[in-house]
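User: Please take a close look at one part of this structure and explain it step by step. I am in my first year, so please say what each term means when you use it.

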Amino acid sequence: MSDFEQQSLRILTTLADPGKVAALSPEDMACLAREIRQVIISTVSMNGGHLAPSLGVVELTLALLRAFNPAKDKIVWDVGHQAYAYKILTGRLESFHTLRTFGGISGFPKRSESPYDHFGVGHSSTSISAALGMAMARDLDKKDHHVISVIGDGSMTAGLAYEGLNQAGGWGGRLIVVLNDNEMSIAKNVGALSLFLSRKLSHRWVLRLKKDMEGWIKSLPYGQDLMGYVRRGEESFKSFFTPGMLFEAFRFNYLGPIDGHDVERMSQVFEEIKNIDGPVLVHVLTKKGKGYVPAESNPTYFHGVGCFEPETGLSEAGPTAAPATYTEVFGNTLFQKARTDPRIIAITAAMPEGTGLSAFAEKLPEQFVDVGICEQHAVTFAAGLATQGYRPVVAIYSTFMQRSYDQIVHDVCLQNLPVTFCLDRGGLVGEDGPTHHGAFDLSYLRHIPNLVLMAPKDEAELARMLITALAHDGPAAIRYPRGVGVGAKPDLRPASIPLGQGELVRQGTDAAVIAIGSRVHPCLVAAKAYCAATGKTVAVLNARFIKPLPETEILELVVTCKKLLVVEENALAGGFGSAVLEFLADRDALAGLTVKRLGLPDAFVTQGPQKTLRETLGLDAAGIEKALSELAG
């Protein structure tokens, strides 16, 4: 048992409900903060999770629960990376050890999990809009509780946050927004706005200066009249020294910046703003990873981390000879291509490390752009580059690319511009759960005109598909999974693949499997096992392309194989299997054919290890073999 686990929880275990936090003394509050950090570090070291963001808001969470009534008031967390302390204090201490595990509690706020989780999240910048809706509903229902949005400065780079601010300011009702400013989202924040928000000053120094100036002015003849002019100019003073100008322009009352690790000060401010009519924004300054030296020193790594030793912060996994990840292969291939082609511009939305572009950014900074948490802007920005002869590559997780659907349709594909979309984390991502699974990209992309859509069976094929996309004079998208590949080393000079050309990777006549992307290799394993057990032969086609489909290869298969299994790691509704069925129906090739589809169900898949989820859904080799047996007999 680690030192973290051995330490007693003197105060935390005595809090029957979050309302008890308000009665604690400052000394007990400080002790409670240490205990919460102890539980978070111990659990995340075993389960993985978002460590640094949640450590940074422990005191902020305590101040919120101290000043507001958690049984009545509604606290809405943005993204949810920061909500671990809140989960612990709102009835989930006993189950917190199950965080992000299969059948355990979610790593994000989830309405079905707790009455204290008022809005389910996972994508950023939604809290202000959601809280505004709740506040307006409160007024329509003639109730009087408070609604509080807690949003990080990284999330404030997204346009949705400002759409919420704009409406809230125009509405003018009571809404509290707490801006948690730690100068980071996942990677270091970028853009003019982050520079504006991170401009800090000593709040105590400002207050002392203000008090001294007021005293001096009042001592002068006509001092009271002069103070009237001074107060009218106070907003200009505030705007010069703080980001208040920005939020005052949205008609928010701005307070701050204040120390986000001073529970007493934050509690005082929260008490004061309860009586302010109209929207209020409180700007608090926090340190990501606070209270845990490894996370403070490397907040980017500890933003979302796997298992580690809590005493040292070091990963428990030693050096291995594991295959490269798809993310690494993408980043390496793009760099090798871009170093000889200055037209290639790599674009990401606040996740250079997560998308494999950190080394690219360091070595080719003039060909790299991080736009912040602005997926919609990233796509239209890329479209603008493409109109001027550049070859932009937009690397965004599949689940986050959903936010830019309209821009993909209208700004890129309608104009047939050569933008390459690289969708990392396509399919099941694991412990982050339903907000992060890339379950829908094949469905929401394949029906868009002009778009070429591909999915590789292994790392080597990913490299070839990237070369194919960059050579294509139009929009193209590649989706690939989270995690390591199968060990297929890419060629030094990967060759492109003819559009719509599939690959028959196994011959057979009794049944056929058409697979796409990460499910090709499990299908090969399943076909080999089924044939060994039955003496039958099963063909396996690596489709490679969702659009255009490998029509020739599919038609050749169904001539000899009347039992057809189609396998994908995407929602069955409108996915790859639907594309195959539509094609066969249009070619009048379904007669005498029995077709079975395997994919993700019409439901949001829970969190859990990828291996466990695939076993549960029948998408591993054993599940595919079972489906083959049911289909072919």
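Analyst: **A pair of packed helices and its surroundings**

Helices H4 and H5 pack at an angle of about 40 degrees, and their axes lie 9 Å apart; helices here are DSSP runs of H or I with at least four residues, strands are runs of E with at least two, and both are numbered from the N terminus. This is a predicted model, in which local features need a pLDDT of at least 70 and side-chain atom pairs count only at pLDDT 80 or more, while totals for chains, interfaces and linings use all residues. Residues are numbered from 1 along each chain as its sequence is written, and side-chain values use heavy atoms, with hydrogens and water left out.

An axis is a line fitted to C-alpha atoms, for helices over the stretch in contact, and the angle runs from 0 to 180 degrees between N-to-C directions. Angles under 35 degrees count as roughly parallel, over 145 as roughly antiparallel, 65 to 115 as roughly perpendicular, and the rest as oblique; H4 and H5 are therefore oblique to each other. Their crossing is right-handed, a word used when the near helix is turned clockwise from the far one by less than a right angle, whereas an anticlockwise turn would be left-handed.

Which residues of H4 and H5 make the contact? On the H4 side they are Val58, Thr61, Leu62 and Leu65, and on the H5 side Ala85, Tyr86 and Leu89, where contact means heavy atoms within 4.5 Å.

Leu62 takes us from this contact to a wider setting, since Leu62 is named again among the members of the largest nonpolar core that touch the most other members, together with Ile36, Ile40, Leu51, Leu64 and Phe270. A nonpolar core is a set of buried Ala, Val, Leu, Ile, Met, Phe, Trp, Tyr and Cys residues joined through side-chain atoms within 4.5 Å, and buried means under 20% relative accessible area, with exposed meaning over 50% and partly exposed everything in between, for a 1.4 Å probe and protein chains only. This core holds 56 residues, and helix H2 (residues 26-47) gives the most to it, with nine residues.

Ile40 shows how one core member meets its surroundings: leaving out residues up to four places away in sequence, Ile40 touches Leu51, Ser54, Leu55, Tyr84, Ala85, Ile88 and Phe96. One of these, Ala85, is also on the H5 side of the contact with H4. A second, separate core has 53 residues, including Ile347, Val419, Tyr444 and Ala455.

Charged side chains also act as links around H4 and H5. A salt bridge is a side-chain nitrogen of Lys or Arg within 4 Å of a carboxyl oxygen of Asp or Glu, and a search of the whole structure finds 26 of them. One joins the side chains of Arg66 and Glu264, at 2.5 Å from N to O. Why does this pair tie together parts that are 198 residues apart in sequence? The reason is that Arg66 lies in H4 (residues 58-67) while Glu264 lies in helix H12 (residues 263-273). Glu264 has a relative accessible area of 31%, so it counts as partly exposed.

On the H5 side, the side chains of Arg92 and Glu113 meet in a salt bridge of 2.8 Å, N to O. Arg92 lies in H5 (residues 84-92) and Glu113 in the loop between H5 and helix H6 (127-140), so this pair ties together parts that are 21 residues apart in sequence. Is Arg92 buried or exposed? With a relative accessible area of 4%, Arg92 is buried, whereas Glu113, at 24%, counts as partly exposed.

A salt bridge can also stay within one helix, as Glu615 and Lys611 show, with their closest N and O atoms 2.6 Å apart. Both lie in helix H24 (residues 610-617), four residues apart, which is about one turn of the helix. Glu615 is partly exposed at 40% relative accessibility, while Lys611 is exposed at 60%.

Finally, the view can be widened to the whole protein chain, which has 25 helices and 17 strands. Of its 633 residues, 57% count as buried, and among contacts between residues at least 6 apart in sequence, 77% join residues at least 24 apart.
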